[in-house]
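Welcome, and take a moment to turn the structure around before reading on. The short report below walks through a few places worth finding for yourself.

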Amino acid sequence: MQSRLVTMEEGGTTNPIRTNQSRVFPSRLLRSMLFLLVAGIVLSVISIRMYRNLGVGSRVSGALQACFQEPISLHHLIIKPPSYNKHTMNDSELLWRASFVPQIKEYPFKRVPKIAFMFLARGPLPLSPLWEKFFVGNEGLYSIYVHSLPHYVSNFSTSSVFYGKQIPSQTVEWGRMSMCDAERRLLANALLDISNEWFVLLSEACIPLHNFSIIYRYISRSRFSFMGAVDELGPYGRGRYDINMLPEVNISQWRKGSQWFETNRKLAVDIIKDTKFYPKFNQFCRPACYVDEHYFPTMLTIQSPSLLANRSLTYVDWSRGGAHPATFGKNDVSNNFFKKIREDQTCIYNNQPTSVCFLFARKFAPSALEALLQNSLDFFGY
């Protein structure tokens with residue numbers, strides 16, 4: 001920087017005085033920078049405290065995100081199912097959310113109806129390798145939900161169709177309302193996926209008796225839902241009725257059926273939104289009244305009797321007597337055994353007689369798995 005020439009008059013003469021600005025500017029600049037630095041630090045401290053105490057940060061970041069985020073579409077709000085069956089809703093919140101029903105029946109998007117396979121299990125699924133074979137090649141036509149004991153943690157690999165399929169669960173007691181609570185919990189979680197149209201309740205001891213295409217076609221073409229609802233006159237039917245069920249349920253409406261059912265979406269919603277019958281069954285149907293055999297069959301018989309096929313799709317052998325059905329091991333696995341289950345039957349399908357009555361069967365022990373896997377193509381077509 002060059003010095004600037006300044007003149008002063010002294011006794012008629014002009015004396016040049018030079019002022020060096022290079023010394024003045026740096027000191028001023030240094031003071032200004034120091035002031036700005038201190039002010040910045042003070043403002044930063046104040047801002048951090050405001051963010052923490054008033055929640056300003058979340059509002060600001062939310063506003064910024066909203067400015068640059070894509071608009072939320074129908075696809076994100078309703079259509080897209082959750083990637084995993086995880087959420088933080090309690091049962092009341094879950095049932096309320098799952099009870100939402102579109103009032104316009106025609107969907108404004110392409111919808112491929114799916115079957116929701118709902119497994120009610122204590123812990124592991126020992127027959128899962130057989131189900132893996134059953135599901136292969138049918139992606140987009142099914143969903144899977146697993147209700148197990150709360151403390152159980154599955155170890156399925158990321159490549160398994162069962163990976164991430166456990167839903168938030170509660171403890172279940174056999175013969176108690178907690179069993180129906182678990183079934184309603186499964187239905188409610190499955191209803192969150194708008195593409196699920198049919199809902200099948202299964203146990204860890206169930207197997208599919210046909211390939212996926214046959215089962216999908218059979219269920220999707222049926223005009224009825226498959227739930228047994230029998231007016232049984234003996235001690236195990238009407239004998240379990242309690243007069244305190246009045247006025248919601250009279251004895252002529254009391255029904256008994258298999259726990260293992262298949263329903264369409266309408267009946268699934270009816271089950272999970274019920275507040276009329278639930279309190280009565282919870283209070284007055286306790287062992288030796290087994291609520292899982294009476295609650296849904298009775299309620300749906302009263303509300304929608306014309307929509308029930310009045311039979312189950314799951315084969316169970318009660319011929320050996322006792323409180324539990326027969327269990328089948330590896331020595332029971334044979335072509336003749338399954339042929340008898342699949343063909344030597346007669347039932348009604350869409351008001352017409354048929355020999356195809358059962359799509360699933362139980363109870364199969366883990367020891368039967370190897371024989372089932374080796375012969376599944378010959379026995380079941382998958």
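## A nonpolar patch on the surface

Let's begin on the outside of this predicted model. Leu34, Leu37, Val38 and Ile41 make a nonpolar surface patch of about 400 Å². One of these residues, Leu34, belongs to helix α1, which covers residues 21–54. Is Leu34 buried or exposed? Its relative accessibility is 53%, and because exposed means over 50%, Leu34 counts as exposed.

## A helix with two sides

Next, find helix α11, made of residues 335–343. Which of its residues are buried? They are Phe337, Phe338, Ile341 and Arg342. These residues lie on the same side of α11, because they cover an arc of only 120 degrees around the axis. A general point about helices helps here: an α-helix has 3.6 residues a turn, so residues three or four places apart point the same way.

What does the buried side of α11 pack against? The buried residues of this helix pack against β6 (207–208), β8 (314–315) and α12 (369–380). On the face turned away from the buried side, you will find the exposed residues Asn336 and Lys340.

## Salt bridges across the chain

Now for the charged side chains. How many salt bridges are there? The count comes to ten. One of them joins the side chains of Arg111 and Glu197, with N to O at 2.7 Å. Arg111 sits in the loop between α4 (91–98) and β3 (114–120), while Glu197 is in strand β5 (residues 196–203), so this pair ties together parts that are 86 residues apart in sequence. Both Arg111 and Glu197 are buried.

Another salt bridge brings together the side chains of Arg122 and Glu204, at 3.3 Å from N to O. This pair, too, links distant parts of the chain: Arg122 is in the loop between β3 and α5 (128–135), Glu204 is in the loop between β5 and β6, and the two are 82 residues apart. Here the partners differ in their surroundings: Arg122 counts as exposed, at 60% relative accessibility, whereas Glu204 counts as buried, at 15%.

## Bridges in a loop and a network

The loop between α7 and β7 holds both partners of a further salt bridge, Glu232 and Lys256, which are 24 residues apart. Their closest N and O atoms are 3.9 Å apart. Why does Glu232 count as partly exposed? Its relative accessibility is 29%, and partly exposed is the class between under 20% and over 50%. Lys256, at 19% relative accessibility, counts as buried.

Salt bridges can also be found in a group: Lys266, Asp270 and Lys273 are linked in a network of them.

## A buried serine

Let's finish with Ser222, which lies in the loop between α7 (212–220) and β7 (262–264). Is Ser222 buried or exposed? At 14% relative accessibility, Ser222 counts as buried, because the cut-off for buried is under 20%.

What does the side chain of Ser222 reach? It reaches the backbone oxygen of Phe224, at 2.8 Å. If you set aside the neighbours of Ser222 within four places in sequence, Ser222 is in contact with Tyr349 and Asn350.

How values were computed
Residues are numbered from 1 along each chain as its sequence is written. This is a predicted model: local features need pLDDT of at least 70, side-chain atom pairs count only at pLDDT 80 or more; totals for chains, interfaces and linings use all residues. Side-chain values use heavy atoms; hydrogens and water are left out. Helices (H or I, at least four residues) and strands (E, at least two) are DSSP runs, numbered from the N terminus. Buried means under 20% relative accessible area, exposed over 50%, partly exposed in between (1.4 Å probe, protein chains only). A polar contact is a pair of N or O atoms within 3.5 Å; within protein, one must be able to donate a hydrogen and the other to accept it, and residues adjacent in sequence count only if both atoms are side-chain atoms. Contact means heavy atoms within 4.5 Å. The arc is that of the directions from the helix axis to the C-beta atoms. Patches are made of residues with over 30% relative accessible area and no salt bridge: like charges are joined within 9 Å, nonpolar side chains (Val, Leu, Ile, Met, Phe, Trp, Tyr) within 5 Å. Accessible areas come from the Shrake-Rupley method with a 1.4 Å probe; for residues, only the protein chains shown count as cover. A salt bridge is a side-chain nitrogen of Lys or Arg within 4 Å of a carboxyl oxygen of Asp or Glu.
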